[in-house]
Amino acid sequence: MTRSAPAIVVAGERLEALPSGAAWWPAEHTLIVADLHFEKGSSYARRGALVPPHDTLATLAALEADVAATAAARIVSLGDAFHDAEGPQRMEATARARLAALQAGRDWLWIDGNHDAGVAVDIGGRRAAETAIGPLTFRHEPKPRPEREILGEIAGHLHPAARVRVAAGSVRRHCFAGDGRRLILPAYGAFAGGLDVASRAFAGLFDRDALIVHLLGEGRVHAFPARAILGLSPDGTARRPTSR
Amino acid sequence: MTETIADSPPPDLLPARFAAWFAGRGWCLRDHQRALVEAGAAGRSVLLVAPTGAGKTLAGFLPSLIALAEPKSAGRLQADGRGLARRGVHTLYVSPLKALAVDVARNLETPIAEMGLPITVETRTGDTSAHKRRRQKIAPPDILMTTPEQVALLLSSREAPTLFGSLETVIFDELHSLVTSKRGDLLALDLARLRRLAPGLRAVGLSATVADPGELAAWLAPQTVGEPRREAARVTAPPGASPQIDILPGEARIPWAGHLARHAIPAVLAAIEGAKTAIVFVNTRAQAELVFQDLWAANEKGLRIALHHGSLDVAQRRRVEAAMAAGGGPHGLDAVVATSTLDLGIDWGDVDLVIHVGAPKGASRLAQRIGRANHRLDEPSRALLVPANRFEVLECRAALEATAAGAQDTPPIRAGALDVLAQHVLGMAVAAPFFADDLYAEVTSALPYARLDRATFDRVVDYVATGGYALRVYERYAKIRRTKDGSWRVSNPQVAQTWRLNVGTIVEMPMLKVRLVDDRKGRIPRYGGRILGEMEEYFFETLTAGDTFLFGGEVLRFVALRENEALVARARGRDPRIPSYWGGKFPLSTHLAARVRAMLADRGSWGGLPEQVRDWLELQAEHSRLPQAGELMIETFPRGERFHMIAYAFEGRLAHQTLGMLLTRRMERAGLRPLGFVANDYCLGVWAATDLGAAFRRRPDLLADLFDEDMLGDDLEAWLDESALLKRTFRNCAIIAGLVERRHPGQEKSGRQTTIATDLVWDVLRSHEPDHILIRATREDAAAGLLDIRRLADMLARIRDRLRHVPLDRISPLAVPIMLEIGREAVPGSAEEALLGEAAEALIAEATR
């Protein structure tokens, strides 16, 4: 059922789904990532759960690899780049330096998300609530209006993941979810969880017949049609509440 | 607590009212009860090993009852003598089950009331009201009956020194079942703390028969680093009457594989009919469901048969237990099909037969289960073993012989887990500021931690404080901090509160409630419907609407998930589409495996086996060979387009799975192109695209290279690094060690993400801090549990130079069972069972052609 690393077409534009969870738009030399959630570990530590502090470095390392592999001229971060508004202040000096090095010589665009809209310090690059490049619109939260009114939206926020049945049981992975009109990127951050595309939060966002999910695998992505997704009801409405 | 023959006690040992009470009941003090009274008078710790029905619990409490009955103990003062004289707890009783604690407390009321003793007894469990708990801390009872988790909570409270400062005795019931788990590790640490609060404390252990009682006796005694192991005194009660065990005669055709014992259902029903009340023990929940369903399908006489397993709704389980207590009477039961949920617990007087369906797995485990029938010492317990396949016939025979010989195969006590230690260290900081030197000395006085080195202890303290990361960025968020005087104290009250909510070592899988709804009108009702119980979330994640499965004895159809509930409806028909997971938790014990192996090698021992099993072994001898003691026999044969290798290792499923993982890696490297493997308790089957038999013949050293012990070095490391298996173990360790919080009921509803998924944490931790203390805890945990590394290592050492390759041109009779397990995961209902039967016939015909 899986195909090897395919292109995703949104509003006629051809994007590539990378196994890291980033999308590469060759025509515009643009790398798109969603929900980096930098400093999520330290955000939890602040509240008493001393989870490892390395998530920022792990996420940066993945980003550095993608930038090096694509030689991207532009980076678009689709929001929630920081887990909370104080994230940049908690970022260690080495991590800041690595981020600055990545930004140097590139057009770097931060779309604001619900987690990081309150960031009040300079984090390099440009910031915007949403932006359009060619036929594509980049925003954090997908618009809830009927899907036929949407064309060319690239969004994040929902952290899509899907479970599909395989020969021995089932497999759940983070995934890209798109129907040709809209594409929702998986969360890129090392500590960012996934939310089932079968859950209520995705209800009405996609044309079920056209929905294809690309599950992140080792060194490649795997495409599945909607009917292969466990738990997705026939009309495409969701059945699960939010649980990431 | 029944009559027995023993000479009268010396008058000074038993006070007059006790002697009169015993006499009034027509009882005499038994030897082991006397020994415990003497140990109590001398202030000695003691381990009592006694069979069921020996009056074990009374023996444990007698010294405390006697001490508390004497007037001089009534006015015990607080050590600090502050204010009004308050009494702390005199005797603490710890049971693995809260139901058992409640039941024993009730039983204790009888002698106290009848002798008119001025003694207060109270229970404290998770069900105890907040009001009563508060009151217990201020005005504690003389005897407090509780569970390990409550002990940990009490020890973390400010009142712990007053509550336990005058503690004289702590009694651990069913000690054998506690000590081999993480719960036992935590309890051992709590015992060490109790001793520190009450230096003269006496520990009393009550245990069933175990393989190494010396170990249990040492668990009860305080240890000192660098000194020889100390042990509590030991008292062993004489064994009761030998149990009367039968193996279901093999008149019906015994299947080649599977665990259902469908062939034996009529005989099981007949046995139930002949008993007052029977417990039908099985190994897994799925097996319980299917056996229960099969029994009812054939239950023409309308016998009252119930089901009891850990996933059923608590109220439902309590109803079954109440009916059990009513025995075979008008409101009672004729039989209950049960999993290990009934292995321990309160006594049901009318149970007079234990039927064990499937593999016994271990001699001690079987003896414990058989002991659930008949709690009278002088009458034999009756048991019927029902093997579900041919290997299980051998295993049942081996278990029967082991029981007759009184052999025990309980597992040894492992080194204490580091995640448990981390939980305890924080708990001790919650109780009061501590000095690392003192706590280290205290912790190492507990047997499981007696060999803990100081460096590891310090790393655990460091982990508790700031997470123990090489990147020292969490100093400002530390949970505990070192103060000027050098003591460690909790940073803020929130830390203590979180610790209390997460105490304990039992980590549940994420569960969903199973709610029965009526969706016949084509829509799902918004509310209502009965809760049937709960099941693991991952089970439902693999289902799509319309899939059917067995639960609570009926076939259910999966409808939808809603919030933290799985909505289901009644399904027509009796054949569920989705099979359930078969693997039991316990692998075949080393002891039983050795007996099975010896039996196979010795034709003289086949006399007691059913004819069809004898024939099977004879066929094996004729067409291949019988595995001999001390060797590892490996058969190779082609079948279809594949080439198979069967290794008869007899080391249990877990060790075989690990062997399969490692062996296939090595075969891959050797160019043998392995395609897959399957493991059961007796052997490992590997299939490949290369002719394995020819390869082994061509290169005589190849087999020895493949099975070399060095596979437990780099290959194991490499595999662990990429294995998803450890993620599950890590989740448990992370929760117990307080890295992430437990998921509490109700949190799902809020929809808020409260924890980071532990598999994400594992990935980051493994790649950035491979030496982290929790990585080590996870590996040690997996090595001892899921991977069974020790057993595999022992086997590889034993069979070095003793590999026996048997090249065959077709499948052997002994290989048929494992070959049938290939792809068995997907075998539901009876139609498939029939298909399987056909497949089995075809395979055996092929083997004997």
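The exercises below, each with a worked solution, concern the architecture of chain B in a predicted model.

Residues are numbered from 1 along each chain as its sequence is written, and chains are lettered from A and ligands numbered from 1 in the order in which they are written. Local features need pLDDT of at least 70 and side-chain atom pairs count only at pLDDT 80 or more, while totals for chains, interfaces and linings use all residues.

**Exercise 1. Describe the order, the edges and the twist of the open sheet of seven strands in chain B.**

Step 1. Helices (H or I, at least four residues) and strands (E, at least two) are DSSP runs numbered from the N terminus, and two strands pair if DSSP finds at least two bridges between them. On this basis the seven strands follow the order 3-4-2-5-6-1-7, with parallel pairing.

Step 2. Strand 3 (121-124) and strand 7 (233-236) of chain B are the edge strands, each pairing on one side only. Neighbouring strands are turned by 15 degrees against each other on average, direction ignored, where axes are lines fitted to C-alpha atoms, for helices over the stretch in contact, and angles run from 0 to 180 degrees between N-to-C directions.

Step 3. Inside the sheet, strand 2 (residues 91-94) and strand 4 (residues 143-146) of chain B run parallel and are joined by four bridges, and Val94(B) stands opposite Thr146(B).

Step 4. Helix 5 (residues 98-115) of chain B lies across strand 2, strand 3 and strand 4 of chain B, at about 175 degrees to strand 3.

**Exercise 2. Work out which strands stand at the edges of the six-stranded open sheet of chain B, and which helices pack on that sheet.**

Step 1. The order is 8-13-12-9-11-10, and the pairing is parallel. Strand 8 (244-247) and strand 10 (305-308) of chain B each have a single partner strand, so one side of each is left without a neighbour in the sheet.

Step 2. From one strand to the next the twist averages 20 degrees. Strand 10 is joined by four bridges to strand 11 (residues 335-338) of chain B, in which Ala338(B) stands opposite His308(B).

Step 3. Helix 14 (residues 314-325) of chain B touches strand 9 (277-281), strand 10 and strand 11, its direction making about 135 degrees with that of strand 10. Helix 16 (residues 390-404) of chain B touches strand 8 and strand 13 (382-386), at about 165 degrees to the direction of strand 8.

**Exercise 3. Characterise the packing of helix 10 and helix 17 of chain B.**

Step 1. Helix 10 (residues 182-197) and helix 17 of chain B pack at about 35 degrees, with their axes 9 Å apart.

Step 2. Among the residues that meet are Leu186(B) and Leu189(B) in helix 10, and Val420(B) and Met428(B) in helix 17, contact requiring C-beta atoms, placed from the backbone, to lie within 7 Å.

**Exercise 4. Is Ala649(B) buried or exposed, and where does it lie?**

Step 1. A residue is buried if 20 or more other C-beta atoms lie within 10 Å of its own, exposed if 12 or fewer, and partly exposed in between. Ala649(B) counts as buried because it has 26 C-beta neighbours inside 10 Å.

Step 2. Ala649(B) belongs to the loop between strand 22 (642-648) and helix 24 (653-669) of chain B. Leaving out residues up to four places away in sequence, Ala649(B) touches Leu632(B), His656(B), Leu659(B), Cys683(B), Leu684(B) and Met795(B).

Definitions and conventions: Contact = placed C-beta atoms within 7 Å.
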